[in-house]
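Please find below a short set of notes on this model, arranged as numbered points. They are best read with the structure open alongside.

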Amino acid sequence: MANVICDETMESVAILAKLALSEEEKEQARKDMERMLDYIDKLNELDTTDVEPMSHVFPVSNCFREDIVSNGDGSASLMANAPEKRENQLVVPKTI
Amino acid sequence: MSRQYETVIGLEVHVELATKTKIFCGCSTSFGGAPNTHTCPVCTGMPGSLPVLNRQVVEYAMAVGIAANCEITRCLKFDRKNYFYPDNPQNYQISQLYLPICRNGYVEIETPEGIKQVRIHEIHMEEDAGKLVHDDWSDTSLVDYNRSGVPLIEIVSEPDMRSAQEVIAYLEKLRLLIQYLGASDCKLQEGSMRADVNLSVREAGAEAYGTRTEMKNLNSFRAITRAIEGESARQIELLESGRSVVQETRKWDDGKEMSYAMRSKEDAQDYRYFPDPDLVPVIISEAWIEKVRASQPEFRTEKMERYKKEYGIPDYDIGILTQSKHMADLFEETVAICPLPKKVSNWLMVETMRLLKEKNMDAQDIRYSAGNLAKLIQMVEDKEINGTIAKEVFEVMFEQDTDPEIYVEEHGLKTVTDENALNRAVEDVIAANPQTVEEYRNGKEKVLGFLVGQTMKVMKGQADPALVNRLLKEKLS
């Protein structure tokens, strides 16, 4: 275990992920994340000088849709998932 | 003597593209649907759904980039911008950070000092968010995802503008280019064009830029002008009193005509961008760029020159007609049927513009057809109706694209050409106004206008005023 994640980083990651972690959960997450970083370090040991950066695994490009309406009203299944609804809209805590 | 300051402004302009479907799914983008009726698993962020890029979005973005003299990126990708907000169901917005579709362009604007270039840093494609309606009564917000996934382009300028006037000129220029391309209707009020203003001030002659603020929620040219003037004054005041400008995002309140801080740099979001693994790269070939370039329309400047040569109408008319592509098209189509360019131009510039203003509409909302306008003009030319009746008919036509021939027929508005009827009316008016007739005969010629008016009234407006004029003169001499 080479990587150590400080409390501050844990705090900020939790805020970004909108997670309220208990002390126990925080320690577990810290361990997981440290291991992930170690793994990244391991990958970084490979010499990639002549390898082009890649964002996709498959050599596929230009997958397009034509601009034709193909969907109807999908609101029934959307609303079925909504914990609270009004006038076919999802109700959430007031957000400005 | 106080110091002189210079305002430095750069713009981020969001434009909603005029595609029929959303950027990554086949849901309709049309306005006015009941809440959430234009949604599917893709645009509501359901796990396992797969976005597929709308080809037309790429073409519109390229077309705008080419019109704005940009370089087109040959290999581009989409990235995820991560944040939590109820209007963003995926918890990330698909955008372009690393390889935007267009870069390094410029547009030219007219300023009192002459033509000026405003450089464009980049144009990227992204998706719009849903709409939140706040309910103060229950302290909740309602979410409608119909706009979620509607395609946008964001046009980012360099900080090249120095005044509100230059900003408006730049926005007008973009609006015209994009409208002429048919890539968007660019309506600020309706949100299909939105501008965020980045503004800083510095002492005149200084090299370095001052600390900037970003202003959001500006949805009219008037709000933009007020916000720029207000923010510039606020920053100068801070500097003059020895304080410094804080880098922050400010929200413009149109009602109060002031801005207030939303968030500062310290709590700036960390968006953790990364390439979207669901969307494959887009490779743009030279042939594709050329195809889009070849289909670019005639833009305003070229159109203005052609109108001058082809139609011989005044520059003033040309300026107004070409301010909207829809109006220019309507002009050309009408002239093609009824070759009286100045007459057509008058109906567009005067009556049409008056009604648009009265009804708070845009030129692109004009509903009547070229065919009907041509008919109306021809009827006036053939003296079937007079000018006053024509204006009445036009108002109806403006509302419902009514066929003027049918309307005039049905409402019996045709000019009465029966000379006997006219003669009778003229004689009645002469008999009923002995005093005026007396005045006329004593050399007060301008009272003739009153008698013409009285005759027109008797004829319910359906007479040729020139003919009435002549008949009156004959009978009174």
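1. In this predicted model, strand β3 of chain A (residues 89-93) pairs with β10(B) in the antiparallel sense, over four bridges. Within this pairing, V143(B) of β10(B) is the residue opposite L90(A).

2. The contact between the two chains involves 32 residues of chain A and 38 residues of chain B. On the side of chain B that touches chain A, at least two residues each come from β2 (53-54), α1 (55-67), β9 (131-135), β10 (140-144) and β17 (282-283). The most is given by β10(B), which contributes five residues. By character, this side of chain B comprises 19 nonpolar, 13 polar and six charged residues.

3. Elsewhere in chain B, strands β13 (residues 213-218) and β14 (residues 248-253) run parallel and are joined by three bridges. K216(B) has K251(B) in β14(B) as its bridge partner. Between β13(B) and β14(B) the chain passes through helix α3 (residues 221-240), and this β-α-β crossover is left-handed.

4. Helix α7 of chain B (residues 325-337) allows a simple check of length. The helix has 13 residues, so at 1.5 Å a residue a span of 18 Å is expected; the end C-alpha atoms lie 19 Å apart, which agrees.

5. Which residues of α7(B) are buried? They are K325(B), M327(B), A328(B), L330(B), F331(B), T334(B) and V335(B). The elements of chain B that cover these buried residues include α2 (164-181), α5 (300-311), α6 (315-321), α8 (341-358) and α9 (370-381).

Methods:
Residues numbered from 1 in each chain as written. Chains lettered and ligands numbered in written order. Predicted model: local features only at pLDDT ≥ 70, side-chain atom pairs only at ≥ 80, totals over all residues. Expected span 1.5 Å × (residues − 1). Buried ≥ 20, exposed ≤ 12 C-beta atoms within 10 Å, placed from the backbone. Contact = placed C-beta atoms within 7 Å. Nonpolar A, V, L, I, M, F, W, Y, C, P; charged D, E, K, R; others polar. Pairing = 2+ DSSP bridges. Right-handed = clockwise from strand over helix to strand, strands pointing away.
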